[in-house]
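Let's take a walk through a small piece of protein together. Have the sequence and the 3D view open, and follow along one stop at a time.

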Amino acid sequence: EDGDFYYTPEGYRCFTEQYLLKRGYCCESGCRHCPYGFNKDDLKTK
């Protein structure tokens with residue numbers, strides 16, 4: 001659908017918050033527009 005993704009300057013498809021909310025769950029991949037508040041850096045151990 002319109003507004004579900006865009007292409008980055010590098011040519012990758014980037015999902016928008018609109019799409020991620022429609023999907024209904026967090027995949028824990030560190031998506032750029034994650035509406036669920038997931039932060040990949042929080043998983044790193046020291």
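Our starting point is Asp 4, which you'll find in the segment just ahead of strand E1, the stretch covering residues 5-7. Keep in mind that what you're looking at is a predicted model. Is Asp 4 buried or exposed? It counts as buried, because its relative accessibility is 8% and the cut-off for buried is under 20%.

So who surrounds Asp 4? If you ignore its neighbours within four places in sequence, Asp 4 is in contact with Cys 14, Phe 15, Thr 16, Gln 18, Tyr 19 and Lys 22. Pick out Lys 22 from that list, since we'll stay with it for a while. The side chains of Asp 4 and Lys 22 are joined by a polar contact of 3.0 Å.

That pair also forms a salt bridge, with 3.0 Å between the closest N and O atoms. Asp 4 sits in the segment before E1 while Lys 22 belongs to helix H1, so this salt bridge ties together parts of the chain that are 18 residues apart in sequence.

Lys 22 has another partner as well. It makes a salt bridge with Glu 1, and here the closest N and O atoms are 3.4 Å apart. Helix H1 covers residues 17-23 and holds Lys 22, whereas Glu 1 is in the segment before E1, so this pair links parts that are 21 residues apart in sequence. How many salt bridges does that make in the count? The count comes to 2. Put them together and you get a network of salt bridges linking Glu 1, Asp 4 and Lys 22.

Now compare how open these three residues are. Glu 1 is exposed, with a relative accessible area of 72%. Lys 22 is partly exposed at 45%, and Asp 4, as you saw, is buried at 8%.

Let's go back to one of the contacts of Asp 4, namely Thr 16. Thr 16 is in the loop that runs between strand E2 (13-15) and H1. With a relative accessible area of 15%, Thr 16 is buried too. Setting aside neighbours within four places in sequence, Thr 16 is in contact with Gly 3, Asp 4, Phe 5, Tyr 6 and His 33.

Next, slide along to Arg 23, which is also found in helix H1. Arg 23 counts as partly exposed, because its relative accessibility is 26%. From its C-alpha atom to that of Cys 34 is a separation of 11 Å, and the two residues are 11 apart along the chain.

Further on, in the segment after H1, look for Glu 28. Its phi is positive, about 60°, although Glu 28 is not a glycine. Glu 28 is exposed, with a relative accessible area of 52%.

Time to zoom out. The chain has 1 helix and 2 strands, and from the N terminus on they run β-β-α. Along its principal axes, the C-alpha trace spans about 40 × 25 × 10 Å. Of the 46 residues, 11% count as buried. Among contacts with a separation of 6 or more, 7% come from residues 24 or more positions apart.

Finally, think about the surface and the charges. The accessible surface comes to about 4000 Å², and 48% of that belongs to carbon and sulfur atoms. The chain carries 7 positive and 8 negative side chains, with the centres of the two sets 6 Å apart.

Definitions and conventions
Residues are numbered from 1 along each chain as its sequence is written. This is a predicted model: local features need pLDDT of at least 70, side-chain atom pairs count only at pLDDT 80 or more; totals for chains, interfaces and linings use all residues. Side-chain values use heavy atoms; hydrogens and water are left out. Helices (H or I, at least four residues) and strands (E, at least two) are DSSP runs, numbered from the N terminus. Buried means under 20% relative accessible area, exposed over 50%, partly exposed in between (1.4 Å probe, protein chains only). A polar contact is a pair of N or O atoms within 3.5 Å; within protein, one must be able to donate a hydrogen and the other to accept it, and residues adjacent in sequence count only if both atoms are side-chain atoms. Contact means heavy atoms within 4.5 Å. A salt bridge is a side-chain nitrogen of Lys or Arg within 4 Å of a carboxyl oxygen of Asp or Glu. Accessible areas come from the Shrake-Rupley method with a 1.4 Å probe; for residues, only the protein chains shown count as cover. Lys and Arg count as positive and Asp and Glu as negative; His and the chain ends are not counted. The place of a charge is taken as NZ of Lys, CZ of Arg, CG of Asp or CD of Glu.
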